[in-house]
Amino acid sequence: MIAYGTTAVSRLLSAERRGELRVWLGVLTQCLEVANGLDGTAPIPTAETKTPAPFFSAQPPPYDKRPRRDERFQDPYNMGVHAEAFLYDETMPVGPKTLMMFYKRLREIDVPEMMASIIVETKDKPWGYTVDMTRQLWDEARHAMMGEVGFIRAGIDWRKFVSVNFTWSLALNTQLGPLERHAVLYFIEQGLMPKTGKRFEWEVGLASGDTFAALAQDYDWADEVLHARIGRDWYVKQMGDSRKANDYGDACWSRVLIDWESYRSQGLTKHKNWWPELYREYCRLRGEQPNPAVEGFSTSYQQVRADLKDISVSG
Ligand SMILES: [Fe+2]
Ligand SMILES: [Fe+2]
């Protein structure tokens, strides 16, 4: 079958193209040799079998730290809806709180945006560092996808109703060095582990009766335990001890400027409160009457309550 395919293809190709492909075929053969064949069971033919030279990555691509997103993200500086103020308000019902959790998960798209810059700019680490950090980056991307799935399951087009900002990743990537960014990530993730963080969100998921919301929060919490381990293995070890690691993270985080007012004065956003429309859509889909207290929620990140400081960010 392979012989037939090759003959059929070569009949269709010009001599010039065949010449080009011969080079490619050589690289492919070399790759297969170092991989011990297609299924990994063939013996390596000679002791000198060499790993192919970098091809597409021969010239390292220039890395742009500023996050860029596609057209689904219409208002990336919008900090008009304080998700945690709603989530931790005991007078608010648990049903609509799942929407805020889906939003918080979706907003976590800023964590891989930030972690990518740590991985790219941190040199001279063992391979295990890249493996662990990439695993965590993938987890964070998955958390964002869980938020998106939550909205889709609820029948809500989040692109229309929710503004997902990138102010955190933008600020960290442009204001801090790679170790400082890792310090902030560690410090924030430590703050998510007590009762008020991931556990609380999971309990809200359970109480809401939305099994997907509970499941998503269960995964989110479980991953956070692993992330704490990754933080200890790489960041804390480098810093010496957990006390120093925490203090440094705290200091770096307090240097970061996420300036609500300046985003508005520069015309980057109006910080529109998108919550009432999202909530009305949620009620419409469920055939419920909007609750005026819920509909009227209008706390933005202009007023961050001190006790919500550490949990009002991603992780
Ligand atoms: Fe996360
Ligand atoms: Fe995390």
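Select α2, residues 15-34, in this predicted model. The helix has 20 residues. From its first C-alpha to its last, α2 reaches 29 Å, close to the 28 Å expected at 1.5 Å a residue. Now colour α2 by burial. The helix is hardly covered: 0 of its 20 residues are buried.

Step past the end of α2 to Asn36. This residue is not a glycine, yet its phi is positive, about 60°. Asn36 sits in the loop between α2 and α3, the latter being residues 83-87. Is Asn36 buried, partly exposed or exposed? Count the C-beta neighbours inside 10 Å: there are 14, so Asn36 is partly exposed. That count falls short of the 20 needed for a buried residue.

Jump to Asp124 for another positive phi. Its value is near 60°, again in a residue other than glycine. Asp124 lies in the loop between α5 (110-121) and α6 (127-153). Here 5 other C-beta atoms lie within 10 Å, so Asp124 is exposed.

Zoom out to the whole chain. You should see 15 helices and 0 strands. The C-alpha atoms fill a box of roughly 75 × 50 × 40 Å along the principal axes. Of the 315 residues, 33% are buried. Switch on contacts between residues at least 6 apart in sequence: 76% of them join residues at least 24 apart.

Next, show α4 (residues 94-107) together with α11 (residues 211-239). Their axes come within 11 Å and cross at roughly 40°. Since an angle under 35 degrees would be needed for roughly parallel, α4 and α11 are therefore oblique to each other. The crossing is left-handed. Select the residues that make the contact: Thr98, Met101 and Arg105 on α4, and Ala213, Ala216, Gln217 and Asp220 on α11. This set divides into 3 nonpolar, 2 polar and 2 charged residues. Keep the helical repeat in mind as you look along such a contact. An α-helix has 3.6 residues a turn, so residues three or four places apart point the same way.

Keep α11 on screen and pick Phe212, which belongs to this helix. It has 16 other C-beta atoms within 10 Å, so Phe212 is partly exposed. Which residues does Phe212 touch, leaving aside its neighbours within four places in sequence? Gly150 and Arg153 are its contacts. Now draw a distance from Phe212 to Ala293, C-alpha to C-alpha. The two residues are 81 apart in sequence and 26 Å apart in space.

Finish with α9 (residues 178-191), still keeping α11 in view. These two helices pack at an angle of about 140°, with their axes 10 Å apart. Roughly antiparallel would take an angle over 145 degrees, so α9 and α11 are oblique to each other. This crossing is left-handed. On the α9 side, select His182, Ala183, Tyr186 and Glu189. On the α11 side, add Glu224, His227, Ala228, Gly231 and Tyr235. Colour the contact by residue class: 4 are nonpolar, 3 polar and 2 charged.

Notes:
Residues numbered from 1 in each chain as written. Chains lettered and ligands numbered in written order. Predicted model: local features only at pLDDT ≥ 70, side-chain atom pairs only at ≥ 80, totals over all residues. Helix = DSSP H or I, 4+ residues; strand = E, 2+ residues; numbered from the N terminus. Buried ≥ 20, exposed ≤ 12 C-beta atoms within 10 Å, placed from the backbone. Expected span 1.5 Å × (residues − 1). Axes fitted to C-alpha atoms, helices over the stretch in contact; angles between N-to-C directions. Parallel < 35°, antiparallel > 145°, perpendicular 65-115°, else oblique. Left-handed = near helix turned anticlockwise from the far one by under 90°. Contact = placed C-beta atoms within 7 Å. Nonpolar A, V, L, I, M, F, W, Y, C, P; charged D, E, K, R; others polar.
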